[in-house]
Amino acid sequence: MMTYDLTYDVIVIGAGHAGCEAALAAARMGCRTMLLTINLDAIALMSCNPAIGGLAKGHLVKEIDALGGEMARNIDATGIQFRVLNTRKGPAVRASRAQADKQLYRLRMKHVLERQPNLDLKQGEVTALFIEGDELRGVDTRSGIRFLCKTVVVTTGTFMRGLIHIGLTNYPGGRAGDLPSIGLSDQLASLGFDVGRLKTGTPARLDSRTIDFSRLETQYGDDPPLPFSFSTKKITMPQVPCHIAYTNPRSHDIIRSGLDRSPLYAGIIEGIGPRYCPSIEDKVVRFPDKDRHQTFIEPEGLETVEVYPSGMSTSLPIDIQIPFYRSMTGLERVEIMRPAYAIEYDYVNPIQLHSSLETKLLRNLYHAGQINGTSGYEEAAGQGLLAGINAARRVKGKEPLVLDRSQAYIGVMIDDLVTLGTKEPYRMFTSRAEYRLLLREDNADLRLREIGHALGLVPEGDYTAFVEKRDMIGDDLERIASTRIALTEQECAVLSGLGIEDIPKGTTLEHLLKRPDVSYEDLAKMDHVSRETPAQVREQVEIQTKYRGYIDRQLEQVERAKKLETAVIPAGMDYSLVRGLTTEVREKLEKGRPDTLGQASRIPGMTPAALSILAIALKANSGKVSSTKRPEDHLI
């Protein structure tokens, strides 16, 4: 084994969405970083749907951007259809989504990585971690090169012992066209990690030249398209529509005829699939009374004929796939360019991680992405960003960044994973966040930009623009609270047009804006200063004014919960010495090894009585319950 002549601060294994964010974060924070991947031509490849964002996922992308990550800027530069979902609902559940030009997305991210100072890109398969004694020293590759480093971030996606299934045929692969990673998961298991098996799938890629789009519903994006990144001024990519098609009873009969050769139903696939993104055969079996299922036919790019039928993933044999896709109206003559398939892969139960994403069993080793049991590009990128940040902070001798559940969806996701673990692919939903009115897409920069800047990930120009926006919001909130209407002729005309007749003279603009039937745009019609207010400031002022009571209530809940969230449980806590805990609770604590009382409170089966006993034991041991600092405290 040859030892490379350079020691890195951080080595990132895998160049998917988690690996890209991890490597960029570490390098931007001044660490000598290497990104090591099986195929340098597949960096940031969209293995499944060619899109970024969606319900709750859009929140993650906005948070990644606020902290200084790259995903939002990358989709803004390569997106070919942008839409804001749930626009008729409240701001907490509105979400951005964009179709990407799949190849441009990959190429731009590779371009960014290649030009990042402190970052080396190398092609190679990691077969083992290099460990001396109990110390992680580097990684070994199949080509016989040992790379030394101080920290490692593992972001292997679906590659660890990946196995592709098409009907009853299966073969090793990290995804179609790529080799799997062999050896690493066996070593992790030998080190005591709880290695399990998961499954996911992807639809066929279809030839758009063989689809009759005139018979499908057309879905256009928003005009103008709204960017993901708080730094993007305007979307300049050409925009294209998607189309909607439907299965029918004949489609479902074709699927049923092939179930005996489905690896999912023949018992060949061992891994558990994603509950919230089932295959089409799963949908047909689980919902037998449903006459049709919808699919969005999504273009994979501006310069390709390949399209992606979302929601139509399957592992059925190809002789069933062809008639199935052709059974849909408009797709009667469709040609399959790449068959659909399912893939099984190894993951490590994330309950064995700290909230920093460092493993509990091996210091300086971090896991991010699908190795932690998550599904989705956005979930992976959010974890990758935090893992890269914390690997860099470990190298610099600083405390880790831990985002709590009241700060970010990223914090909710990581806390769910490390506290509860997972036995199936984890997907982010707004319903997972108890403080979701505080964790909106629109205020991600107000929540996290300061932290990103303190980390050194947000450039000065972006930070200056953010500070100006934040100050303008504060100034405008004060202004509308003190500005009163005089019931001038113009003001009366606007109010009359809104059907409002009961407003007395001297009412503040703030009081008006609190009404559900009055928008900031209405204020602008009667107030010249409001007319000059930038759109991004208007949005924040309106939301914060209309929802202030609810927001204040959630802030009070956060304050009440803070004592639990910041009460640290020592790493070596001996729960057998804590009198009063039941055997069941003691076993749960031993297995989960929570870092704080807050994490302990979310372990299933944990009782209020057990928490009280644990808190008393901590006080008895230390004289007081030690507290963690909030990220803002130790970063600035």
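Let's start inside the protein: K199, T200, G201, P274, C277, P278, S279, E281, S313, T314, S315 and A342 line the largest cavity. Keep in mind as you look around that this is a predicted model. The volume of this largest cavity is about 50 Å³, and the structure holds one cavity of 30 Å³ or more. If you want an element to orient yourself by, pick strand β12, which spans residues 195-202 and gives the most to the lining, with three residues. In chemical character, the lining of the largest cavity divides into four nonpolar, six polar and two charged residues.

From there, let's move to an open space. The second largest pocket has a volume of about 1,200 Å³. It is lined by 33 residues, and those closest to its centre are L226, D442, A535, Q536 and E539. Helpful landmarks here are α11, α12, α15 and α17 (535-546), the elements that give two or more residues to the lining of this pocket. Which of them gives the most to the lining? That is α17, with seven residues. By class, the lining of the second largest pocket has 12 nonpolar, seven polar and 14 charged residues.

Charge is a good theme to carry forward. Side chains of opposite charge can pair when their charged atoms come close. In this structure there are 45 salt bridges, and three of them make a nice short tour.

The first stop is R470 and E450, whose side chains meet in a salt bridge with an N to O distance of 2.5 Å. This pair links distant parts of the chain, 20 residues apart: R470 sits in helix α12 (residues 460-482), while E450 sits in helix α11 (residues 444-455). How accessible are the two partners? R470 has 31% relative accessibility and therefore counts as partly exposed. E450 is partly exposed too, because its relative accessible area is 26%, and partly exposed covers the range between the buried limit of 20% and the exposed limit of 50%.

Next, have a look at R515 and D502. They form a salt bridge in which the closest N and O atoms are 3.6 Å apart. Here the partners come from loops: R515 lies between α14 (509-514) and α15 (520-526), and D502 lies between α13 (489-497) and α14, so the pair ties together parts that are 13 residues apart in sequence. R515 counts as partly exposed, at 22% relative accessibility. D502, on the other hand, is exposed, because its relative accessible area is 57% and the exposed class begins over 50%.

The last stop is R602 and E565, a salt bridge between side chains at 2.7 Å, N to O. R602 lies in the loop between α20 (597-601) and α21 (608-622), and E565 lies in helix α18 (residues 548-566), so this pair ties together parts that are 37 residues apart in sequence. With 21% relative accessibility, R602 counts as partly exposed, and E565 is partly exposed with a relative accessible area of 23%. What network do these two residues belong to? Salt bridges that share partners join R405, D415, D416, E434, E565 and R602 into one network. If you have the viewer open, selecting those six residues together is a pleasant way to end the walk.

Terms used. Residues are numbered from 1 along each chain as its sequence is written. This is a predicted model: local features need pLDDT of at least 70, side-chain atom pairs count only at pLDDT 80 or more; totals for chains, interfaces and linings use all residues. Side-chain values use heavy atoms; hydrogens and water are left out. A salt bridge is a side-chain nitrogen of Lys or Arg within 4 Å of a carboxyl oxygen of Asp or Glu. Helices (H or I, at least four residues) and strands (E, at least two) are DSSP runs, numbered from the N terminus. Buried means under 20% relative accessible area, exposed over 50%, partly exposed in between (1.4 Å probe, protein chains only). On a 1 Å grid over the protein atoms alone, a cavity is a set of points where a 1.4 Å probe fits but cannot get out, and a pocket is an open set with protein on both sides within 12 Å along at least five of seven lines; lining residues have an atom within 4 Å of a point. Grid points are joined across faces, edges and corners, and a volume is the space filled by probe spheres set on the points. Ala, Val, Leu, Ile, Met, Phe, Trp, Tyr, Cys and Pro count as nonpolar, Asp, Glu, Lys and Arg as charged, and the others, Gly among them, as polar.
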